[in-house]
Amino acid sequence: MEKEGKPQGHAGIGHTRWATHGEPSDINSHPHSGKRVSIVHNGIIENYKQLKQFLIDNERDEFLSDTDTEIVAQLLDFYYDGNPIRCIRKVLHELRGSFALGIVFADHPETVYAVRCESPLIVGQGKGEVFLASDVPAIIKYTKDYYLLEYGEIAVLKNGSVNFCTLHGQMIEKELHTADFDEDSAEKGGYPHFMIKEINEQPTAVKTTITPRIENGMPNLSECGITPEALRSFKHIYIVACGTAMHAGMVGKYVIEKLARVHVTVDIASEFRYREPMLSEDDLVIIISQSGETADSKAVIGLAKELGAKTLAIVNVKGSSIARESDMVIYTHAGPEIAVASTKAYMVQLSVMYLLAFEMAYAKGKISEEECKRMTADLVAMPEKIEQTIKNSADICKYVSTKLIASESLLYIGRGLDYALSMEGSLKLKEISYIHSESYAAGELKHGTISLIHEGMPVIAVATQNSLLEKTVSNIKEVKARGAMTIVICDDQADIDRDAADYLIRVPKLSEMLMPMVATVPMQLLAYYTSVNKGNDVDKPRNLAKSVTVE
C-alpha cells in the first residue's frame, strides 16, 4: 500500500542531476530506462554518439531524452541475458569517459548494482540498510561508515548489506571507513568553507568542461551551435561580462588575438549597453556569466541582436535567461558554486576561452592541425597541473597571507596575460579580505601609481610570461627600492633575483599562453587564507551577492 506522496519499497535509485547532456527537464531527468534496466549516472560518456549509432543500427532507436545516460541504459538492456554482473562487465568494456553508475534490473527488484570508473562512488553501511552516493556528505545523516569503490569495482547492494567484485567477477573484501566529520559540516564535504572546497574541485570541473568538447584531439564546439564556418565569418569579437567573468574575458582577448588574429574588445556589461556600441552582422558578442542571470549582461543580448550581431553565451546554469536568449551556448560544467568569491567558475570560463580560441584559430587557418592538437593536448593535461599547484602552493600562500592581514592597501602588478591575471587576483583579495587592493599594468607604475608605495606596503607581482620577465622584474625592483614588500608569483624555472622578491610563490612551468590556469591558484589561496586569518565570513562577504540580478 502506498502512502500519499511517498512510494513504498526496499530498494531504489535516484540522482540530483547537474545537467551535462540535455536541458534540465522531466524527460532528461534520471533514472533512465530500457525495457528491463534502469540506471542513474554521474559523469560523462565520451563515446555516446558511437554507441547510439550502434543501437540504431541494431534496431534500438526509441530514445526519449537528450542524455548520454539513456544510451548506457539502452546498451545494458541490449546485452542483458539474465546475468546482471556479466551484462555490466560487457557494457563497461564499451564505455569511454568518467562515470559512476547505479543500476537496477527489473527481474532483480531487491538489488542495486553500482560501478565506478573514475567518477567518485561510495557505499554507506548503516544498520540494516545501505546507501549509494558520490560522496560521504550525502549519507552522513544516516551513517558515518562507508566503503570507497576503486576504479572498475562493482558493488552489489541487497537486504541491507553489500558485496564487491572486480570487472573479472572476482569477489573482494574492502575496508570499512568512518567519517571524521558530522552532519553540520557535511554540506561542505569536510572543508571549513565552500571556497576552499571549490578551489579543490577545479581540476574535476575543468576536465568535465573540456572533455565533451574534444574529438580526435581537436576542439569541437559543434554541439554548442558553433561551426568552423561561423568562426571564419566573424571580423570583430566583443566580450561582455561583469567582475570575475570579465577577467576571464580579458584572458580570452589575449589568447584569441594572439592565435586567431581577430580583434577583440572586452567590455564591462554595465558600460557596454549604454555606450552605443558599433556592432554589425560580422560581429560576435560573447556574454560570460556564472549564473546566466546577471542583469547587465542579459540586457546586452537584446542590444546585440537589434544591431544584427550574433551572440554566444558562456554560462554555468542550464536553462538560465542568458542561455535561452543567446544564439549559441557553451555550458561550463563547474557544478554548483556556493561561495560568493568565484574560483572554479572562473577556471572553467578560462578553459572554454582556450577551446574557442584554438578552434577559431584553426578555422581561420592561422594555426595548423598539428599545432591545434598540441595546444589542445596541453589543455587536456591541465587538471593534473592545477591539482599539483593547489597541493604545492598551499603552505607558502598560507604563510604569506599572515604578512598581508595588517595592510590597509596593496597592489597587484603584471604585464600581458599577467596583467589580466592581476586584475582577478586583486578582486579576489579585496572582496573577501576587505583590504583595499588595485591592479595595474606594471609598465604604468611610473605614470602616477608608484607614488602610493610606502615602507612595508605589499606589492604582489605576477611574472609568468618569460618574454616579458626582464621588464617585469625591473618594475618589481622599482617598488622594492621604494620600500615595498614584494611577493612574486612565477614559474618554477624563472630566474628571479632574491633581492627583488621578499617571497616567491612558484607554479609549474607551462607554455606562456596557458600559465593563467595555474597562476590563478595561488592568488585564490592568498585571498582565502588572508580572509580566514582576519576572521571574516569567507563564503558570504559583506554587501555582496552570488548572482547580481539587478542593475
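Select Ile 122 and Ala 133 to begin: in this predicted model, Ala 133 of strand 6 is the bridge partner of Ile 122. Widen the selection to residues 122-125 and 130-133, and you have strand 5 and strand 6, which are paired in the antiparallel sense over 4 bridges. The hairpin that these two strands form has 4 residues between the strands, and within the hairpin Gly 128 takes a positive phi near 75 degrees.

Keep strand 5 selected and add residues 145-148, which are strand 7; strand 5 pairs with strand 7 too, in the antiparallel sense and over 3 bridges. Here Gly 124 is the residue to centre on, since Tyr 146 of strand 7 stands opposite Gly 124. Are the two faces of strand 5 covered or uncovered? Both are covered, with Ile 122 and Gly 124 buried on one side, and Val 123 and Gln 125 buried on the other.

Next, show the aromatic side chains throughout the model, where a search of the whole structure finds 11 aromatic pairs. Select Phe 105 and Tyr 113 among these rings: their centres are 5.5 Å apart and their planes stand at 85 degrees, so this pair is classed as edge-to-face. Both of these residues, Phe 105 and Tyr 113, are buried.

Move on to Tyr 238 and Phe 272, whose ring centres lie 5.8 Å apart with the planes at 55 degrees, so that this pair counts as tilted. Because Tyr 238 belongs to strand 14 (residues 236-241) and Phe 272 to helix 9 (residues 269-272), the pair ties together parts that are 34 residues apart in sequence. Tyr 238 is buried at a relative accessible area of 8%, and Phe 272 is also buried, with a value of 0%. For a further aromatic group, select Phe 54, Phe 78 and Tyr 79, which form one cluster.

Strand 14 leads to the next stop, an open sheet of 5 strands in the order 15-14-16-17-18, with parallel pairing. Which strands are at the edges of this sheet? They are strand 15 (263-268) and strand 18 (328-331), each of which pairs on one side only. Neighbouring strands of the sheet are turned against each other by 20 degrees on average, direction ignored. At the strand 18 edge, select residues 310-315, which are strand 17: 4 bridges join strand 17 to strand 18, and the two run parallel. Val 315 stands opposite Tyr 331 of strand 18.

Now bring in the helices that lie across these strands. Helix 8 (residues 243-260) lies across strand 14, strand 15 and strand 16 (283-289), and runs at about 170 degrees to strand 15. Helix 12, in turn, lies across strand 14, strand 16, strand 17 and strand 18, running at about 160 degrees to strand 16.

For the last stop, select residues 344-363 and 369-380, helix 12 and helix 13, which pack at an angle of about 175 degrees with their axes 10 Å apart. This angle is why helix 12 is described as roughly antiparallel to helix 13. Which residues of the two helices make the contact? From helix 12 they are Ser 351, Tyr 354, Leu 355, Phe 358 and Tyr 362, and from helix 13 they are Glu 369, Cys 372, Met 375, Thr 376 and Leu 379. Coloured by character, the residues of this contact divide into 7 nonpolar, 2 polar and 1 charged.

Conventions:
Residues are numbered from 1 along each chain as its sequence is written. This is a predicted model: local features need pLDDT of at least 70, side-chain atom pairs count only at pLDDT 80 or more; totals for chains, interfaces and linings use all residues. Side-chain values use heavy atoms; hydrogens and water are left out. Rings of Phe, Tyr and Trp (its six-membered ring) pair if their centres lie within 6.5 Å; planes under 30 degrees apart count as stacked, over 60 as edge-to-face and the rest as tilted. Buried means under 20% relative accessible area, exposed over 50%, partly exposed in between (1.4 Å probe, protein chains only). Axes are lines fitted to C-alpha atoms, for helices over the stretch in contact, and angles run from 0 to 180 degrees between N-to-C directions. Angles under 35 degrees count as roughly parallel, over 145 as roughly antiparallel, 65 to 115 as roughly perpendicular and the rest as oblique. Contact means heavy atoms within 4.5 Å. Ala, Val, Leu, Ile, Met, Phe, Trp, Tyr, Cys and Pro count as nonpolar, Asp, Glu, Lys and Arg as charged, and the others, Gly among them, as polar. Two strands pair if DSSP finds at least two bridges between them.
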